[in-house]
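Me: I'd like to go through this one claim by claim and see what backs each label. Ready when you are.

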Amino acid sequence: MRVYDIISKKRDGFSLSQEEIQFLIEGYVKGSIPDYQIAAWLMAVFFQGMEEEELINLTRQMVLSGDTIDLSGIEGIKVDKHSTGGVGDKTTLILGPIVAAGGVPVAKMSGRGLGHTGGTIDKLEAIPGFRVELTKEQFVGQVNKIKLAVVSQSGNIVPADKKLYALRDVTATVNSIPLIASSVMSKKIAAGADAIVLDVKTGSGAFINELAEAVQLAQLMVKIGKGFNRKTIALITNMDQPLGQAVGNALEVKEAILTLKGQGPDDLTGLCLELAAHMFVLAQKVSSIEEGISLAEELLNTSKALDKFREFIHAQGGDIKVIDDFSLFPSSQYRVSVCSKEDGYVESIAAQEIGKAAMVLGAGRSKKEDKIDLGAGIIVKKKIGDFVQKGEALAEVHYNDQGKAQEAVTLIEKAYSISSQKVSKPPLIYQTIAD
Ligand code: URA
């Protein structure tokens with residue numbers, strides 16, 4: 001087999017066989033196929049797409065490139081949740097405790113943030129003492145004991161994705177639907193859950209901006225899940241503005257705690273209830289979404305989810321005093337408001353620019369090696385549809401590095417557009433896709 005022939009076959013729009021995919025991925029991971037040939041194949045996939053069977057073969061080969069997690073030591077149906085990435089998305093911190101408080105085991109591996117999107121692991125590290133690394137025995141033991149553990153994706157899980165993603169990042173091939181689908185699903189399948197709820201984000205802060213493409217991505221991921229016998233459901237959700245108000249690590253954990261106390265923003269609370277309901281259905285805890293939402297609401301209202309969060313933080317070495325004393329979180333020395341230059345209604349917020357502004361402040365990384373400022377970030381004060389007066393704050397910037405604040409302020413100013421006409425609030429969930 002020659003890599004050249006495989007690249008030209010894909011370039012001309014043909015589907016690759018299982019053997020050809022295996023040859024490419026194995027060769028790339030072991031280093032016998034160079035970056036430039038894989039980059040050419042990625043670009044061919046970007047333009048020509050992939051057939052369903054070819055995509056399932058690619059996903060399987062990616063899973064086989066590394067270790068898989070065996071969760072069979074955990075009792076019950078394990079349901080995982082994955083978001084395709086957004087700005088201010090702290091749902092795992094709220095959902096995990098709700099679902100676990102409902103008796104469903106949540107054994108979650110999460111990632112760090114890169115670029116304009118954040119990552120759960122960085123957020124959890126804003127809690128003093130919190131350990132994001134557990135041995136396999138500790139991980140399984142903790143889930144069996146308290147139903148919830150969240151750890152950093154470590155070890156040798158899908159090494160093919162690590163290499164491919166890094167190459168996609170520098171060859172303008174990240175935004176390819178089959179490549180995103182195989183990247184996300186290979187990691188979910190390797191992580192061992194029985195069922196998967198996908199939160200596919202669409203809009204200005206997501207990898208996929210167009211609704212129709214998000215639907216296509218969701219359909220493909222659901223098909224891949226089915227191909228691996230994992231019950232999979234996808235919600236297509238709005239990322240045309242940050243989720244909730246807080247963007248930045250400690251700020252987002254504080255907002256998650258407020259949400260667990262029943263004082264969270266409506267969009268964040270609503271999305272968590274809906275995702276939790278789908279997880280309850282897949283875990284066969286309830287038989288309908290309505291029942292799942294009622295159960296999730298009850299767990300929030302009775303503080304059972306908050307108690308579970310406390311238990312979870314304690315189990316992973318975190319200081320539970322932060323839950324009632326926010327001054328114990330890393331914070332920022334300075335604050336500045338970004339004010340509206342006119343009266344009107346917020347028409348749109350370029351969420352990606354808000355994510356970039358947070359990154360500039362140090363809340364995220366532009367390169368993997370960057371160190372994060374856990375206290376820095378942005379509080380989005382006005383969301384789409386809100387009325388704002390001239391001089392009133394649209395957002396508040398929290399920062400430690402005085403050299404960075406102005407760039408962030410400029411990005412936020414540009415991100416907002418204000419209309420003199422009334423603007424309606426965008427929907428939170430567009431569609432649900434099941435097989
Ligand atoms: N998230 C992933 O894990 N992979 C992608 O390709 C895009 C988003």
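Me: What makes the pair formed by a polar side-chain atom of S183 and a nitrogen atom of the ligand a polar contact?
Reply: Keep in mind that this is a predicted model. The S183 atom lies 2.6 Å from the ligand nitrogen. The cut-off for a pair of N or O atoms is 3.5 Å, so the S183 pair counts as a polar contact.

Me: Which distances put R168 and K187 in polar contact with the ligand?
Reply: For R168, a polar side-chain atom sits 2.9 Å from a ligand oxygen. For K187, the distance to an oxygen atom of the ligand is 2.5 Å. Both pairs pass because the limit is 3.5 Å. On top of that, the protein covers 91% of the 240 Å² of accessible area that the ligand has on its own.

Me: How do you know which residues are around the ligand?
Reply: A residue gets in if one of its heavy atoms lies within 4 Å. That gives T84, Y165, R168, I180, S183, V184, K187 and F207. They split into 4 nonpolar, 2 polar and 2 charged.

Me: What do the helices supply to that shell?
Reply: α8 (159-170) and α9 (177-190) each bring at least two residues. The largest share, 4 residues, belongs to α9. As for the space the ligand takes, that is the largest pocket.

Me: Why are β9 and β11 called paired strands?
Reply: Pairing takes at least two bridges. There are 4 between β9 (377-380) and β11 (393-399), so they pair, and they run antiparallel. One of the bridge partnerships links I378 to V397 in β11.

Me: What makes β6 and β7 edge strands?
Reply: The open sheet has 4 strands in the order β6-β9-β11-β7, with antiparallel pairing. β6 (246-247) and β7 (334-339) each pair on one side only, and that makes them the edges.

Note on methods
Residues are numbered from 1 along each chain as its sequence is written. This is a predicted model: local features need pLDDT of at least 70, side-chain atom pairs count only at pLDDT 80 or more; totals for chains, interfaces and linings use all residues. Side-chain values use heavy atoms; hydrogens and water are left out. A polar contact is a pair of N or O atoms within 3.5 Å; within protein, one must be able to donate a hydrogen and the other to accept it, and residues adjacent in sequence count only if both atoms are side-chain atoms. Accessible areas come from the Shrake-Rupley method with a 1.4 Å probe; for residues, only the protein chains shown count as cover. On a 1 Å grid over the protein atoms alone, a cavity is a set of points where a 1.4 Å probe fits but cannot get out, and a pocket is an open set with protein on both sides within 12 Å along at least five of seven lines; lining residues have an atom within 4 Å of a point. A molecule sits in a cavity or pocket if more than half of its atoms lie within 2 Å of its grid points. Ala, Val, Leu, Ile, Met, Phe, Trp, Tyr, Cys and Pro count as nonpolar, Asp, Glu, Lys and Arg as charged, and the others, Gly among them, as polar.
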